[in-house]
Amino acid sequence: MSDSPGHRFGLSAAQLGFWYAQKFGAEKRNDNIAEYIDIRGRVNRGLLETACRTAVDEIDAMRVRIIERASGVEQYVAERMPFDVPFVDLRDRQDPQAAAHAWMRTEWDRPVDVCQSPLFAFALLRVEDARYFWYQRFHHMAMDGFSISFFRDRVGRIYTALAENSPQPAGDFGKLETLVAEEAEYRASPQFEEDRAYWLDTFPRGTAPSGLSGKPATGPSPTFLHHGTSLPPAGVTRLNDAARALGVRRSALLIAALAAYVHRTTGTEQVVLGLPVTGRQTPQSRRSLGSVVNVVPLVLQVPSGTSVMDLVRQVSDQVGHALRHQQYRYEDLRRDLKAVGGAANLYGAFINIRKFDAVRFADHHASVHTVSNASVEDFSLTVCDWNDATGLAVHADANPALYTQEQVDTHLNRIVTAIEWLLEAGAADLIADLDVLPDAERHTMLTDWNDTSAEVLRGSLPELFRARVEGTPDATAVAFGSVHVTYAELDARANRLAHRLIGLGVAPDTPVALFLERSVELVVATLAVLKAGAAYLPLHAGYPAERLAWVMSDSRATVLITDRAMAQREFTHDARVIVIDDADLAAEPEHDPALTVHPDQLAYVMYTSGSTGKPKGVAVTHEDVVCLATDHRWRGGAHKRVLMHAPHAFDSSTYEIWVPLLGGGRIVGLPPGEFDLASLRRTMTEGGVTGVLFTAGLFSRIAEEDTDFLAGVSEVWTGGDVVSPVAVRALLDRHPHLKVVDVYGPTETTLFATCFPMKQGDAPDAGVPIGHPMDNTRVYVLDARLRPVPVGVAGELYIAGAGLARGYLGRAGLTAGRFVGCPFGGVGERMYRTGDVVRWGVGGELEFVGRADDQVKVRGFRIELGEVESALGRCPGVGQAVAVVRGEGVEKRLVGYVVPAVGGVSSGGVREFVAGVLPDYMVPSAVVVLDDLPLTPNGKVDRKALPAPLPAEGAAGGRRPRTPREEILCALFAEVLNVSSVGIDDSFFELGGHSLTATRLISRIRSTLGAELSIRALFDAPTVSGITSRLGPAAASRPALRRTPRSQELS
């Protein structure tokens, strides 16, 4: 024997990795490799068992024993390894082959204790009178794929010699201990450091693999999904011819095909594939069987303009370099790059190309089939040539945590399509020309899933509103508390104001600014502007004076309608002002103005954050609003009474005003100013609200509270950010009658473009889809060349059809860049490029993935990080500035990072400056001062490396609590803001608070102290000392909120 029993030596690096993974990794990890040989002919069971025993006796790795000692883990080669080759006759089963596969999968999945069990198993399964499956299972600690092929071939040769009564061929295998020692010598050699330098240069920090699933890595899965197909012999001939013509190996063409597919389906220009290598560089190691196999990452650049020749030559070169440096372990590279952890992976898809000599079992035809290649990280493609003239076997295995079976089948079929395309392509053809989308799938996405045609009412908003007035003149149109205004009264009041506006010279398509608190007067003014033929321009109460002045100037609004409360705000403008409370309109006519308002005239202009540092005004027509307000989803009475609570300058107000008014319903208004959950509850209950739209953040916050006030609500629509499925389930479990609808749409598409309704039991476990297109709306998921991407593949969302805004007011160039020609519509039709990255689900619903640019959503507000960075950079003393979003869900917040130009700047000073030029929702909750901004290897700001801001703390030396109540309030401040301590003079908002955390604080005060505090009081006095004085000794109290039971915590 090659090693005497008891002689111990260390493990190879690969073995050690598998041992660590089994001992300290996932509980159910399967590192078994299993295959079977399909033998067509009668097999002599005795000869097969003899052949197996002979090969096991010849090969050290098959007799290895693992020993765990206090000093570490070791191994030795046993003199003999007892084992059986069980015989399983399945011929009596209804489907013998299916039974055989089930048996093998069960056996493969059997737990193996590497310190006790033999690290292999065999069996002979009979499925027909003259057909057998010889099953083999090996643990990766004993044998790698390279070694298994030698073992399989050795058994076949011995069996053949025994069957033919001929001399057995000699086996010449190296020692396992020598293989391990050779690896140890390498790790102590200069070559090890040279290889390390090569891989660190090839795979710089920050290189991110792109998986086909579009989901974050989860770590290896003990189970896998599988699909197999083949490239027929004719295809293999074409593959050989194409490789010869391009001057590369055919393996390079197969790798290039997978790289091209990953590039085309993910859009990434840097494709990282995993490639298995033997890890053997010397003749001695190539004769030694064991486990030293390695995986190397192939980093391939596929920029725009890459040709077929460019890619295949790049693959060929990179594979050559990788093989020269293949002994440097993948685990070492992960540690070097600090990519450790179960889910940390350096590559996305994995490709294994294997070529074997035909297996011989006497004179029987035999073919090799894989049962499993052990644990799967992401997506694994295996191409096998068994040299038996049957073509290439092409198999895919995938992690079920990342893929469905249907997705695995689809990906493999498309990869075969990519291979076939590459075989027909010319050397100069561009990789970007690869189209992997079948015609049937293209038709489904472009036509079937966009079949949203519905009848649309023709007419302007005043015209359609007038029809409602004539139909139900005495019905309540608007209700604010005890103030109820009928349709006829609203119409008359709006007419008077419209006549006054006409007298001031307002003209069609010209903006009239509205700067009013939430009130009946706001609704009157909105309607009046439209009746006068103009477009309303809502101004946000949270805008600082500088921004208000800029919007007035940019829009060229000549009239400003305000009320007494907002008239106190001073800012620069040249407009004529109407203070609606004080305006004497009695002399103005009550009848409709004698104006014809066309549906294609402007209805409103809403300003959103701009990437250039200045906001941009989205110009929306009457027809756009009518299409939204008459969608079939509003029918049935669920939106007869709609809550009006959003700021008028937030496009949610389009739903809150026009859906009820054009549907003959009622606007139920929340009192003016900031609101809390107590006023929300009171208003919705007393007003009998049936339909409501909440931002995703507010929706999650409401789901945490007592939601009895939703008992009379039929539908809750929510969106503006990622919606929590946990919050959806919690709400639906408490209110089974309720329908929750996740809604999506940018301002440029008139609020809503898609929606996804959910009833109890419908909420998904993971991300909530943004759904299907609304009436007369079409959605397209496209690549950079405006081609549809396949189902399940991420692409940019484009929206066409109804509701598409006219563009950006006075910004023709910007409009042309975002509203582009639609290649799937009629002549001259446009579509809006959203910048949102989505993918189609298999049922035709859209799933949100992320952004293609620097636009973000925080608490439902759309924010361009470029505008925030511009404001930070304008602060005196700031040299460089970056803004990012940190946190998820309701904890999402803006953080600014600045580098001083000269001298120093304070975070508080920078934040105060920004608050003077940006709306409050765009002011970073924290500003971090850095010496330098971290950079990526290519010189860009490394946003992922920016440090998290330290928890905000109260001012050093600030006043501490003086009474038990102040002590409780300080503790509640600290709890809600996630800080360690707060003084009584520290501002809630300067410590990072915002409107949603304010509602949580008020709820905690109510439940802890039984005291009622309005959100307005908190905004006016945002300190513990201020709140204490507001509460006072005689503050109104209510019983603490009752929390209803729920099955799980909300995130």
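This passage describes a predicted model of a single chain, from its overall layout down to a few helices and strands.

The chain contains 30 helices and 40 strands. Its C-alpha atoms fill a box of roughly 120 × 70 × 60 Å along the principal axes. Of its 1051 residues, 57% count as buried. The exposed area comes to about 41,800 Å², and carbon and sulfur atoms supply 51% of that area. Contacts tend to reach far along the sequence: among those between residues at least 6 apart, 71% join residues at least 24 apart.

The domain assignment divides the chain into domain 1 (8-178), domain 2 (191-425), domain 3 (437-453 + 690-853), domain 4 (455-627 + 648-689), domain 5 (861-929) and domain 6 (964-1032). Domain 3 and domain 4 are each listed as two segments. As a guide to the layout, the C-alpha centres of domain 1 and domain 5 lie 62 Å apart.

A good place to start looking is an open sheet of five strands, arranged in the order E5-E6-E7-E2-E12 with mixed pairing. Its edges are formed by strand E5 (87-89) and E12, each of which pairs on one side only. On average, neighbouring strands in this sheet are turned by 20 degrees against each other, direction ignored. Within the sheet, E2 and E7 run antiparallel and are joined by nine bridges. One residue pair to find on screen is Tyr36 with its bridge partner in E7, Tyr135.

Two helices can be placed against these strands. Helix H2 packs on the sheet, where it touches E5, E6 and E7, and its direction makes about 160 degrees with that of E6. Helix H4 lies across E2, E6, E7 and E12, and runs at about 140 degrees to E7.

Helix H4 (residues 145-164) merits a closer look. With 20 residues at 1.5 Å a residue, H4 should span 28 Å, and this agrees with the 29 Å between its end C-alpha atoms. The helix is followed by Asn165, which has a positive phi, near 60 degrees. The buried residues of H4 are Ser147, Ile148, Ser149, Phe151, Arg152, Arg154, Val155, Gly156, Ile158, Tyr159, Thr160 and Ala161. Two arginines, Arg152 and Arg154, are thus included in that buried set. The cover over these residues includes strand E2 (32-40), helix H2 (45-58), strand E6 (120-128), strand E7 (131-139), strand E11 (349-355) and strand E12 (365-372).

Further along the chain, helix H22 (residues 696-703) is largely enclosed by the rest of the structure, because eight of its eight residues are buried. These are Ala696, Gly697, Leu698, Phe699, Ser700, Arg701, Ile702 and Ala703.

Strand E30 (residues 777-782) is also mostly covered, with six of its six residues buried. The cover extends to both faces of E30: Thr777, Val779 and Val781 are buried on one side, and Arg778, Tyr780 and Leu782 are buried on the other. Strand E31 (residues 795-801) runs antiparallel to E30, and six bridges join the two. In this pairing, Val779 has Ile799 of E31 as its bridge partner.

How values were computed:
Residues are numbered from 1 along each chain as its sequence is written. This is a predicted model: local features need pLDDT of at least 70, side-chain atom pairs count only at pLDDT 80 or more; totals for chains, interfaces and linings use all residues. Side-chain values use heavy atoms; hydrogens and water are left out. Helices (H or I, at least four residues) and strands (E, at least two) are DSSP runs, numbered from the N terminus. The expected span of a helix is 1.5 Å times one less than its number of residues. Buried means under 20% relative accessible area, exposed over 50%, partly exposed in between (1.4 Å probe, protein chains only). Contact means heavy atoms within 4.5 Å. Two strands pair if DSSP finds at least two bridges between them. Axes are lines fitted to C-alpha atoms, for helices over the stretch in contact, and angles run from 0 to 180 degrees between N-to-C directions. Accessible areas come from the Shrake-Rupley method with a 1.4 Å probe; for residues, only the protein chains shown count as cover. Domain bounds come from an automatic or database domain assignment.
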